[in-house]
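Work through the exercises below with the coordinates open. Each task is followed by a solution in steps.

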Protein chains: 2
Amino acid sequence: MDNLNLGRHISGQFNEDLERVINHVMQMGGLVEKQLSEALLAVCDADQDLARKVHKNDYQINKLEVSIDDECTRIIAKRQPAAGDLRLIMAIVKTIADLERIGDEVKKIAQVALESLSGQQKDLLINLDNLGRRVLEFLQATLDAFTRMDAEAASAIHQSDTKIDREYEALMRQLMTYMMEEPRTIPQVMSVIWSARALERIGDRCQNICEYIIYFVKGKVVRHTTEDGIIKTE
Amino acid sequence: MDNLNLGRHISGQFNEDLERVINHVMQMGGLVEKQLSEALLAVCDADQDLARKVHKNDYQINKLEVSIDDECTRIIAKRQPAAGDLRLIMAIVKTIADLERIGDEVKKIAQVALESLSGQQKDLLINLDNLGRRVLEFLQATLDAFTRMDAEAASAIHQSDTKIDREYEALMRQLMTYMMEEPRTIPQVMSVIWSARALERIGDRCQNICEYIIYFVKGKVVRHTTEDGIIKTE
């Protein structure tokens, strides 16, 4: 947490507030990571009990989002932070919203474990699992960059999202071909498609978090810098 | 804007800040609504030029999000609002994030207009258009509740999302059946499926905005109140 410059605050109480809230975000991130990891395992092993556990445990993520959000509002009201400190709090408020939504996507992934897939259909899960592992690494790297408030790492992670997109597109082509060859299996394959889509969205949400890290460290908005977007620096 | 109680603020400057930022949110909302309406028209009339225009104009929504976000941070830093005022600013920060994402979903809807669909496939668009109209009304009602900061309306809108879900599920069943009967058309039908999904997500995001309105007016968090969620009041 070097980049947080906790030492520079005159108020020790404010430092404590900040450290506590950041610890809670890390706890939330750890939980989201665990949920994704278990959802992938559930799909891979067709473990319905584990899939149900993932569904059930999502409430813990929701609960943390609500309490961290509340904590942030209280800190702003009580400590009236300015400039960098306020930017950090705003970055946290946005980060937890994305983490919560990642939790929702994870539930959709676990859903595939509840489908009855035939042996041949299970082959489709191999590439879903590959995509899943890549996304899990991406999430881990994002959370790591958040913990260190490392804008350079965040920027590198942000750019590497294209690898996920490429893998996602290849998987999608494979799934569409399969459906065209075996139309009877469309309902089952669609559930794999929703999972793949959920994984791709988790990648996008990690990118959002990377943008918040860069915003906090550099005070620069890097959202909407793609094809039809804008680049805006403050 | 009665519920904003602008009259009670001692600082006239703060009132002006608040009014300005809320006007910008309404401007952003109006733009999102216009984009959705044009995207639906583009799909219905297979108007590729209009679809491209929708794609191009999304940058205006992105730009507004960045500037309103900036405005909110400045207000917090300068005016150090407490309690209800701070809650309003936080509700705005979250609302514009959802509006911006609705803009992204709208681009996906417009995408269908760029596909070459046969006459028979175009029949599938009738129900997509019906779902689209329902979602457009839902968005308009949400923005209206936001303008009036009307928690009761927000609560009623929130509950009526189930109608969208039902219509979405019926459409999805129709599309899957069509794919099973005409597997050659899967790539085209998939683009209709992504559009339907985008519409369903817009409904979800409107629900989020309703939750922020209720949070502002009642100081009560109503997120995560569904099946496996939690109900938390502050």
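The exercises concern a predicted model and go from single helices to the contact between chains.

**Exercise 1. Check the length of helix α2 of chain B against the expected span.**

Step 1. The helix covers residues 48-79, which is 32 residues.
Step 2. The expected span is 1.5 Å times one less than the number of residues, and for this helix that gives 46 Å.
Step 3. The end C-alpha atoms of α2 of chain B are 47 Å apart, which agrees with the expected span.

**Exercise 2. Describe the ends of α2(B) and locate its kink.**

Step 1. At the N-terminal end, D47(B) acts as a cap: one of its side-chain oxygens is 3.2 Å from the backbone nitrogen of D49(B).
Step 2. Along the helix, a kink of about 25 degrees is centred on K56(B).
Step 3. After the helix comes Q80(B), with a positive phi near 45 degrees.

**Exercise 3. Repeat the length check for helix α5 of chain B, and state which residue follows the helix.**

Step 1. Residues 124-148 make up the 25 residues of α5 in chain B, and at 1.5 Å a residue they should span 36 Å.
Step 2. The distance between the end C-alpha atoms is 37 Å, which agrees.
Step 3. M149(B) comes just after α5(B) and has a positive phi of about 45 degrees.

**Exercise 4. Explain the spacing of the salt bridge between R74(A) and D70(A).**

Step 1. The closest N and O atoms of R74(A) and D70(A) are 2.9 Å apart, inside the 4 Å cut-off for a salt bridge.
Step 2. An α-helix has 3.6 residues a turn, so residues three or four places apart point the same way.
Step 3. R74(A) and D70(A) are four residues apart in helix α2 of chain A, and therefore about one helical turn separates them.

**Exercise 5. Find the symmetry relating chain A to chain B.**

Step 1. A turn of 180 degrees with a shift of 0.0 Å along the axis lays chain A on chain B, with an RMSD of 0.0 Å.
Step 2. This is the relation of a two-fold axis.
Step 3. Of the interface residues of chain A, 98% are also interface residues in chain B, so the copies meet through the same surface.

**Exercise 6. Characterise the interface of chain A and chain B.**

Step 1. In chain A, 48 residues are in contact with 47 residues of chain B.
Step 2. The buried area is about 4400 Å², with 60% from carbon and sulfur atoms.
Step 3. There are four salt bridges between the chains; one of the pairs is D69(B) with K94(A), whose closest N and O atoms are 2.7 Å apart.
Step 4. On the side of chain A that touches chain B, the elements giving two or more residues are α2, α3, α7 and α8 of chain A.

How values were computed
Residues are numbered from 1 along each chain as its sequence is written. Chains are lettered from A and ligands numbered from 1 in the order in which they are written. This is a predicted model: local features need pLDDT of at least 70, side-chain atom pairs count only at pLDDT 80 or more; totals for chains, interfaces and linings use all residues. Side-chain values use heavy atoms; hydrogens and water are left out. The bend at a residue is the angle between axes fitted to the seven residues ending there and the seven starting there. A polar contact is a pair of N or O atoms within 3.5 Å; within protein, one must be able to donate a hydrogen and the other to accept it, and residues adjacent in sequence count only if both atoms are side-chain atoms. Copies are superposed by least squares on the C-alpha atoms of residues with pLDDT of at least 70 in both. Contact means heavy atoms within 4.5 Å. Buried area is the accessible area (1.4 Å probe) that two parts lose on being put together, summed over both. A salt bridge is a side-chain nitrogen of Lys or Arg within 4 Å of a carboxyl oxygen of Asp or Glu.
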